[in-house]
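Subject: Structure handover

Hello,

Here is the structure you asked to look at. Please open it first, then read my notes below.

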Amino acid sequence: MTDPVADLLTRIRNGVRVERPSVDVPYSRLKVAIVQALQREGFVWDHEVVDAGIHKVLRVNLKYGPNGEHVIQHVERVSKPGCRVYVAVNEMKDVRQGTGISVLSTSKGVLSNREARRQGIGGELLCEVW
């Protein structure tokens, strides 16, 4: 697999599209950090690491509204392995007038754009979610 982050985002996008309660993704610490950022911002309920034999699996429990509406409308990978995108703290833009977030990999861990702006740091722009 050349881009495991894109695989995570695609599995989440497809799971929301068919309204699955959870999706399973091969485990990595970066994926856990991305899902934790999405959880802190209210886009997923929670996550758990499941030991499935030889390999670990990250189970992401997806979130839906009270009437079944999708909380995640769109997931987009920004920085790709062939073309990395970095942003400074003063270059960060709001996603969909603040209704969405961007997820950044910073020197202080994986953060949302709101958290990174509060801490005054920039980093690699991994994805945008709204």
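What pattern does the protein follow, read along the sequence? The pattern is α-β-α-β-β-β-β-β-β-α-β. There are three helices and eight strands. Helices (H or I, at least four residues) and strands (E, at least two) are DSSP runs, numbered from the N terminus.

Before the details, two notes on the source. This is a predicted model, in which local features need pLDDT of at least 70 and side-chain atom pairs count only at pLDDT 80 or more, while totals for chains, interfaces and linings use all residues. Residues are numbered from 1 along each chain as its sequence is written, and side-chain values use heavy atoms, with hydrogens and water left out.

**The whole protein**

The radius of gyration is 14 Å, close to the 14 Å that the globule rule gives for 130 residues, so the protein is as compact as a globular protein of that length. That radius is taken over C-alpha atoms, and the rule is 2.2 Å times the number of residues to the power 0.38. The C-alpha trace spans about 40 × 40 × 25 Å along its principal axes.

Of the 130 residues, 42% are buried. Buried means under 20% relative accessible area, exposed means over 50%, and partly exposed is in between (1.4 Å probe, protein chains only). The accessible surface comes to about 7,300 Å². Carbon and sulfur atoms hold 49% of that surface. Areas come from the Shrake-Rupley method with a 1.4 Å probe; for residues, only the protein chains shown count as cover.

Now look at contacts, meaning heavy atoms within 4.5 Å. Take those with a separation of 6 or more: 58% of them join residues 24 or more positions apart.

Charges come next. There are 19 positive and 15 negative side chains. The centres of the two sets lie 3 Å apart. Lys and Arg count as positive, Asp and Glu as negative; His and the chain ends are not counted. Each charge is placed at NZ of Lys, CZ of Arg, CG of Asp or CD of Glu.

**Arg77 and Leu9**

Start with Arg77, in strand 4 (residues 75-77). Is Arg77 buried or exposed? Arg77 counts as buried, because its relative accessibility is 11%. Its side chain makes a polar contact with the side chain of Asp3, at 3.0 Å. A polar contact is a pair of N or O atoms within 3.5 Å; within protein, one must be able to donate a hydrogen and the other to accept it, and residues adjacent in sequence count only if both atoms are side-chain atoms. A polar atom of the Arg77 side chain also lies 2.5 Å from the backbone oxygen of Ser79. Leaving aside neighbours within four places in sequence, Arg77 is in contact with residues including Val5, Leu9 and Leu126.

Leu9 is found in helix 1. Leu9 is buried, with a relative accessible area of 1%. Leu9 and Arg77 are 68 residues apart along the chain, yet their C-alpha atoms are separated by 7.5 Å. Beyond four places in sequence, Leu9 is in contact with Val75, Arg77 and Cys127.

**Three more buried residues**

- Glu124 is found in strand 8 (residues 123-129). It is buried, at 12% relative accessible area. Leaving aside neighbours within four places, its contacts include Ser79, Arg84 and Tyr86.
- Val57 lies in strand 3 (residues 55-62). It counts as buried at 18% relative accessibility. Val57 and Val25 are 32 residues apart in sequence and 5.7 Å apart in space, C-alpha to C-alpha.
- Trp130 is in the segment after strand 8. It counts as buried at 18% relative accessibility. Not counting neighbours within four places, Trp130 is in contact with residues including Phe43, Ile72 and Gly100. The C-alpha atoms of Trp130 and His70 are separated by 10 Å, with their positions 60 residues apart along the chain.

**Two positive phi angles**

Most residues other than glycine have a negative phi. Which phi does Glu19 have? Glu19 has a positive phi of about 60 degrees, although it is not a glycine. Glu19 lies in the loop between helix 1 (4-17) and strand 1 (22-26). Gln97, also not a glycine, has a positive phi of about 55 degrees. Gln97 is found in the loop between strand 5 (86-87) and strand 6 (101-106). At 74% relative accessibility, Gln97 counts as exposed.

Best wishes
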